[in-house]
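I opened the notebook to record what I looked up in this model, entry by entry. I wanted to go through the fold, the pocket, the charged contacts and a few single residues.

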Amino acid sequence: MPNLRDFFSRWRKDYDFRTFVNSSGSLLATAAFALYNGFLGIYHASLWHGVICVYYLLLILIRGTLIFSERANARKTDPDRIARDRKRTVTGASVLLLFLNFSLVVPFELMVMQERPVSLTLIPAIAMATYTFYKITVASMNLKKKNKSDNPTVRLLRTINFVDALVSIAVLQNTLIMVNAGSNRGSMLTLTAITSGALWAAIMILSVSTLIKREKAK
């Protein structure tokens with residue numbers, strides 16, 4: 001199958017192409033994760049899971065817009081138009097990402113206040129920990145490499161993947177606390193507040209710096 005061989009050969013050698021392919025796959029994984037949290041939110045009347053579900057659905061929308069806009073650019077022949085449309089799309093997505101990440105203060109506050117009526121077993125916690133470890137490892141490696149590309153869409157997609165991984169850490173923390181529902185939750189309040197605040201601050205710094213760099217690049 002020469003086409004399949006060409007595909008994998010390009011995937012290995014072309015950093016931009018690999019980013020778009022991997023980000024497309026991430027859309028499916030994120031959609032499944034969002035639906036899982038949506039199910040828990042409805043079934044257990046959990047505001048935390050409902051808000052996280054909405055957050056990930058909106059993140060899918062931003063990521064999907066970037067991917068499909070780049071596919072549309074591939075069919076254009078005017079380099080100036082491609083650059084202009086790409087800048088407009090990336091700037092708009094960066095602004096939306098900033099506001100979306102600012103809204104994370106709501107689920108993070110719910111986590112600190114321990115508004116989590118759902119009790120989970122150890123199995124989903126282990127699965128969540130494995131998934132989160134994989135995401136943060138891959139996203140961290142790719143974030144360091146994002147400057148290899150001159151395409152602002154690629155760089156923003158790598159930033160979004162890293163933000164996604166940071167949010168997964170918060171979700172994992174919440175899951176582990178729910179698994180230990182029988183322990184003294186009050187003693188976890190200070191630790192939860194510190195870690196949640198640090199994660200939210202890191203996400204906001206990354207979002208603001210991304211938008212500032214985007215504006216300077218105009």
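The entries below follow the order in which I looked things up.

**Entry 1: the fold**

I noted before anything else that I am reading a predicted model. I then looked up the secondary structure and found 8 helices and 0 strands in the protein chain, which reads along the sequence as α-α-α-α-α-α-α-α. I also looked up burial for the chain as a whole, and of its 218 residues 44% are buried.

**Entry 2: the largest pocket**

Next I asked which helices supply at least two residues each to the lining of the largest pocket. I found three entries under that heading, namely helix 2 (15-43), helix 6 (122-145) and helix 7 (152-179). The largest share of this lining comes from helix 6, with 6 residues, while the lining as a whole is made up of 15 residues. I wrote down the residues nearest the centre of the pocket, which are Asn 22, Ser 26, Tyr 134, Lys 135 and Val 138. The volume of the largest pocket is about 290 Å³. Sorting the lining by class, I recorded 5 nonpolar, 6 polar and 4 charged residues.

**Entry 3: a salt bridge between two helices**

I turned to the charged side chains, for which the count comes to 7 salt bridges. The one I looked at in detail joins Glu 70 and Arg 86, whose closest N and O atoms are 2.4 Å apart. Since Glu 70 lies in helix 3 (residues 47-74) and Arg 86 in helix 4 (residues 79-102), this pair ties together parts that are 16 residues apart in sequence. I then asked whether each partner is buried or exposed. Glu 70 has a relative accessible area of 11% and is therefore buried, the cut-off being under 20%. Arg 86, with a relative accessible area of 19%, is buried by that cut-off as well.

**Entry 4: a network of salt bridges**

I next looked up which residues are linked in a network of salt bridges, and noted Lys 76, Arg 81, Asp 85 and Arg 88. Within this network I followed Asp 85, which meets Arg 81 in a salt bridge of 3.5 Å, N to O, and Arg 88 in another of 2.7 Å, N to O. Arg 81 and Asp 85 are 4 residues apart in helix 4, so about one helical turn separates them. Asp 85 and Arg 88 are 3 residues apart in helix 4, and about one helical turn separates these two as well. I checked the accessibility of each of the three residues in turn. Asp 85 is buried, with a relative accessible area of 10%, whereas Arg 81 counts as partly exposed at 41% and Arg 88 counts as exposed at 54%.

**Entry 5: a nonpolar patch on the surface**

Which residues form a nonpolar patch on the surface? I found Leu 4, Phe 7 and Phe 8, which together have about 260 Å² of accessible area. Phe 8 is found in helix 1 (residues 2-13), and at 41% relative accessibility I listed Phe 8 as partly exposed.

**Entry 6: single residues and distant partners in sequence**

I closed with three residues, looking up for each its helix, its accessibility and a C-alpha distance to a residue elsewhere in the sequence.

Trp 200 is found in helix 8 (residues 189-216), and its relative accessible area of 23% makes it partly exposed. Although Trp 200 and Leu 166 are 34 residues apart in sequence, I read a C-alpha to C-alpha distance of 8.6 Å between them.

Asn 142 has its place in helix 6 and counts as buried at 14% relative accessibility. For Asn 142 and Thr 159, I noted a separation of 17 residues in sequence and of 8.8 Å in space, C-alpha to C-alpha.

Phe 68 lies in helix 3, and at 53% relative accessibility Phe 68 counts as exposed, the cut-off for that class being over 50%. Phe 68 and Phe 20 are 48 residues apart in sequence, and I entered their C-alpha to C-alpha distance as 9.6 Å.

Notes. Residues are numbered from 1 along each chain as its sequence is written. This is a predicted model: local features need pLDDT of at least 70, side-chain atom pairs count only at pLDDT 80 or more; totals for chains, interfaces and linings use all residues. Side-chain values use heavy atoms; hydrogens and water are left out. On a 1 Å grid over the protein atoms alone, a cavity is a set of points where a 1.4 Å probe fits but cannot get out, and a pocket is an open set with protein on both sides within 12 Å along at least five of seven lines; lining residues have an atom within 4 Å of a point. Grid points are joined across faces, edges and corners, and a volume is the space filled by probe spheres set on the points. Ala, Val, Leu, Ile, Met, Phe, Trp, Tyr, Cys and Pro count as nonpolar, Asp, Glu, Lys and Arg as charged, and the others, Gly among them, as polar. A salt bridge is a side-chain nitrogen of Lys or Arg within 4 Å of a carboxyl oxygen of Asp or Glu. Buried means under 20% relative accessible area, exposed over 50%, partly exposed in between (1.4 Å probe, protein chains only). Patches are made of residues with over 30% relative accessible area and no salt bridge: like charges are joined within 9 Å, nonpolar side chains (Val, Leu, Ile, Met, Phe, Trp, Tyr) within 5 Å. Accessible areas come from the Shrake-Rupley method with a 1.4 Å probe; for residues, only the protein chains shown count as cover.
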